Each structure stands twice: as C-alpha cells, then as structure tokens.
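Thank you all for making the time this morning. I would like to walk through one structure, and I will try to be careful about what the coordinates do and do not tell us.

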Amino acid sequence: MATAKLDNITKVYDNGFTAVSNLSLQLADGEFLVLVGPSGCGKSTALRMIAGLEEMSEGDLYVGDRLLNDIEPKNRDIAMVFQNYALYPQMTVAQNIGFPLKLRGVKGTERKRQVHHAAEILQLTEQLSKKPGQLSGGQRQRVAMGRAIVRQPALFLMDEPLSNLDAKLRVQMRADIADIQKNLGVTTFYVTHDQVEAMTMGDRVAVIKDGLLQQVDEPEKLYARPENVFVAAFMGSPSMNLYEANLSLHNEKFKVHLGDQSISIPTRLTERHTTLGNYDQQTIVVGIRPEDFEDAALAPTHPDDQQLTVTVSGREALGAETLIHFPLNAPSIDTGDPDALDELASIASGRCTARFDANSKARIGEQIRTNVTVENMHFFDRETGLVI
Ligand SMILES: Nc1ncnc2c1ncn2[C@@H]1O[C@H](COP(=O)(O)OP(=O)(O)OP(=O)(O)O)[C@@H](O)[C@H]1O
Ligand SMILES: [Mg+2]
C-alpha cells in the first residue's frame, strides 16, 4: 500500500504523436482513482507508463517515495488487470491465481493458503479446481483479479477490466471490484471510457481528453461543477444540454436568451458565477442538465419567467422517470467528444433532453411548458469553453 504520484508525465510515440501531455496526478494511500475519457485519449498509454510497459518521454513517477522511472516493470511492485484477462487455459483457477506466487518461489502450503484467501474474497472457492474454459466471463475476470490480489502490490492498475462483460454483469462487478478494493485498501488506478463506471467506482475521477487532463475531483463535484464544456458534456447520461445563448443584465436579473425565448435568473442565485456580469450583451454557452427540467404541469408554482415553451418531439417512458425530447431553437455545442454519436445526432437536430417525473402527461406533438431549475444552470465562455 502506498501513495502514487505522476509528475508531468508525457508520452510522445516514435511517430511523433503525443498521446499524453504533462499528466500530473496524486493518489492518496488506498485511494481508488478513475481515469476516464473517450477512446484514443491516452488512458492506456498513461497506465502502461506507470506499469513500465511503455517508456515515459518526460516526467517522473513515484510510488510511495520511490522514483520508478528507471525501474524494470517486474520490480515496480505494481499489479495490472487488463480487459483481456489472458488466463492460462490449461491451468486450474487455483493454479492461475497462484501463478505469481509460484514465480516468486512461495512454497506449496503457503501458496495454497493465499490462493484460498483470495478466492474467498472473490467468491471463487467453488471454482478453484475448474479450468478457465468452464467459467463465466465474470468469474474469469475475478480470477484475473485474484492473480493481482495475491501479489499484494503497492498499486493496482486496471485497464477497462469490465468491458468484455455483458451489461448486467458489469453492474454487479462494478460493485464487487469497488468493495474488494476498499477491503484490501490497495491504492488503485482504474481506466475506463464509461463515465457511469467512473462516477460509481471512483473516490475521485480524472477526466482526460486528447492526452490532456481536464479536471480531477470527487464524482459529485465533477458532476455539479464541471470546469469546462467537455467535462460538462462527458459526465452524465443523458448528457447536459448545451446551447449558445445571449446574456443580458438588468434590474438585478440575468436574462438568458435561448433562441426566441428567455429565462430569468435573479443575480443572487448566481453567486458562484462571479464574473457572469462581464458577459452582459454577449454570447455564452449555457448548460442545463436533463433533471433540471420539469413538466410545469406537475409543479405549477414555479416562476413563469423560469420556464420554456416547447413542443415534445420524443418521449421515452423509463418507469421511474420519463425522458422528453424537444427542439430548442438555439445553436447547440460540439463538445469534441468523438464517442458521443448520440450527442452528435441530437446536436444535428438541436434536440434537448429533459428528465420528467414519470407522472408527466406530456405527449409527442404537444406544446408544453417546462420549468428550469435556474440555480443549477451552468455557464461557459464560448471561446475558451471554461466555466464562468
Ligand atoms: N505505438 C503507438 N504509436 C503511435 N501512436 C500510438 C501508439 N499506441 C497508441 N497510439 C495512439 O495514442 C493515442 C492514445 O492511445 P491509447 O491506447 O492510450 O488510448 P485509450 O485512451 O486507451 O483508448 P481506448 O479507450 O480506445 O482504449 C491513440 O490516438 C493511439 O492511436
Ligand atoms: Mg485503452
């Protein structure tokens, strides 16, 4: 167990491509840190540099106070779990889990004890004599975890370990891995492109795009206070609705003009946006999360200058809530997330998504009023994409 520190780590591949730029992160002892970002943003490269499988072009790497830059992978005291768990098919589960111990020369009875202990933690006791071919995907993934656990490393590295599992199993394993990690207390650096996984598993989440760190924070803070448009759009599903809007300020109120409609925000509600007043009469980017809309018919006391009139274009009843889609006649924003095909489609149509209470009677084709929780609105500079 140890702290870990990445200090300005950079990777420039032989072809001149910079996959990771000046990445600096600190992991507390026992912390579960998730690195999340779209495909190709440099997550695996970062992880492989920590493991020593890829050379760093620049920067320093510490685990505890030990500088690892020039230490061979096998001497780094780091265990890695990959997406392709690569078990030995001819070995039993017990032999697979015990393999790192065997390599280390741990004797038979002690090895058996440690393997059984790991199997117990991972609920694999019944499977110990089976071969990997006789296991489910989730069980195989747990065997791969077991192989990492028995090494009792200073640091766990996990690269999308759940991406080969079906959706239901992934949810289950998500909780299992988080529990196991907490019980073992091993500092863990976990990579995924799935923002739900990041939000639910991480003590803190680091968002990366094009090799550049965007923001590191606890999941709730990242969600509530994204520092730029990319993080705002990437974290949360359905995504935050982002539009260009004109801002005007008079009589202690900001007015946000979205297309031909406007929303009023009392200046007292915008205390944390201390520089918003500088954007009077300018175009900014406004973000509204789907849950910050509500069917006005269900909450009729909401101030009517904090509402929009919209025509419902789509409706998805999900049981606990209903997603309502409608066009907003304001320019929407391309956040630069290449994975967000969904988002691109909705941008093309100017579609806005709201999460209404399941009791909403709003139907496709109907014109309705929707409340906006204005104190939760997000504001960004249009040029820099940074939060205002
Ligand atoms: N050996 C290499 N030479 C040149 N470029 C590379 C090399 N390996 C990876 N890259 C590039 O570096 C970038 C980052 O790759 P990396 O595998 O770290 O992405 P990732 O975030 O893990 O993506 P994914 O979510 O798809 O696994 C990609 O654009 C990739 O094409
Ligand atoms: Mg990867």
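I will talk about helix packing, then about the nonpolar cores, and then about a single serine in a loop.

Please keep in mind throughout that this is a predicted model, and that the values I quote are computed from it.

Let me begin with helix α2, which covers residues 93–103. Which residues of α2 are buried? They are V93, N96, I97, G98, P100 and L101, and what covers the buried residues of this helix includes α3 and α4. Beyond the end of α2 comes G105, which has a positive phi, near 85 degrees. As background, an α-helix has 3.6 residues a turn, so residues three or four places apart point the same way.

Turning to the first of those neighbours, the axes of α2 and helix α3, residues 108–121, come within 9 Å and cross at roughly 125 degrees. Because angles from 115 to 145 degrees fall outside the parallel, antiparallel and perpendicular classes, α2 is described as oblique to α3, and the crossing is right-handed. On the α2 side the residues in contact are A94, I97, G98, L101 and K102, and they meet R111, Q114, V115 and A118 of α3. By character, this contact comprises five nonpolar, two polar and two charged residues.

The packing of α2 against helix α4, residues 137–149, has another geometry: the angle is about 30 degrees and the axes lie 7 Å apart. Since angles under 35 degrees count as roughly parallel, α2 is roughly parallel to α4, and here too the crossing is right-handed. V93, N96, I97 and P100 of α2 make this contact together with V143, G146 and R147 of α4, and the residues involved divide into four nonpolar, two polar and one charged. You will notice that I97 is listed in the contact with α3 and also in the contact with α4.

From α4 we can move on to helix α5, residues 167–184, where the two axes come within 11 Å and cross at roughly 20 degrees. That angle makes α4 roughly parallel to α5, again with a right-handed crossing. G137, G138, Q141, R142, M145 and I149 of α4 meet a set of α5 residues that includes L169, M173, I177 and L184, and the contact as a whole divides into seven nonpolar, three polar and two charged residues.

How do these helices relate to the nonpolar cores? In the largest core, which has 42 residues, V36, I97, I177, V207 and M235 touch the most other members, and the largest share of this core, five residues, comes from α4. Leaving aside residues up to four places away in sequence, M235 touches V36, Q195, M199, V205, V207, L222, Y223 and R289. Apart from this core lies another, of 31 residues, among them L276, I284, V374 and I388.

Finally, is S360, in the loop between β19 and β20, buried or exposed? At 3% relative accessibility S360 counts as buried, because the cut-off is under 20%. Its contacts, again not counting residues up to four places away in sequence, are D295, L298 and R315. S360 also lies 7.7 Å from A297, C-alpha to C-alpha, although the two are 63 residues apart in sequence.

Technical notes: Residues are numbered from 1 along each chain as its sequence is written. Chains are lettered from A and ligands numbered from 1 in the order in which they are written. This is a predicted model: local features need pLDDT of at least 70, side-chain atom pairs count only at pLDDT 80 or more; totals for chains, interfaces and linings use all residues. Side-chain values use heavy atoms; hydrogens and water are left out. Axes are lines fitted to C-alpha atoms, for helices over the stretch in contact, and angles run from 0 to 180 degrees between N-to-C directions. Helices (H or I, at least four residues) and strands (E, at least two) are DSSP runs, numbered from the N terminus. Angles under 35 degrees count as roughly parallel, over 145 as roughly antiparallel, 65 to 115 as roughly perpendicular and the rest as oblique. A crossing is left-handed if the near helix is turned anticlockwise from the far one by less than a right angle, and right-handed if clockwise. Contact means heavy atoms within 4.5 Å. Ala, Val, Leu, Ile, Met, Phe, Trp, Tyr, Cys and Pro count as nonpolar, Asp, Glu, Lys and Arg as charged, and the others, Gly among them, as polar. A nonpolar core is a set of buried Ala, Val, Leu, Ile, Met, Phe, Trp, Tyr and Cys residues joined through side-chain atoms within 4.5 Å. Buried means under 20% relative accessible area, exposed over 50%, partly exposed in between (1.4 Å probe, protein chains only).
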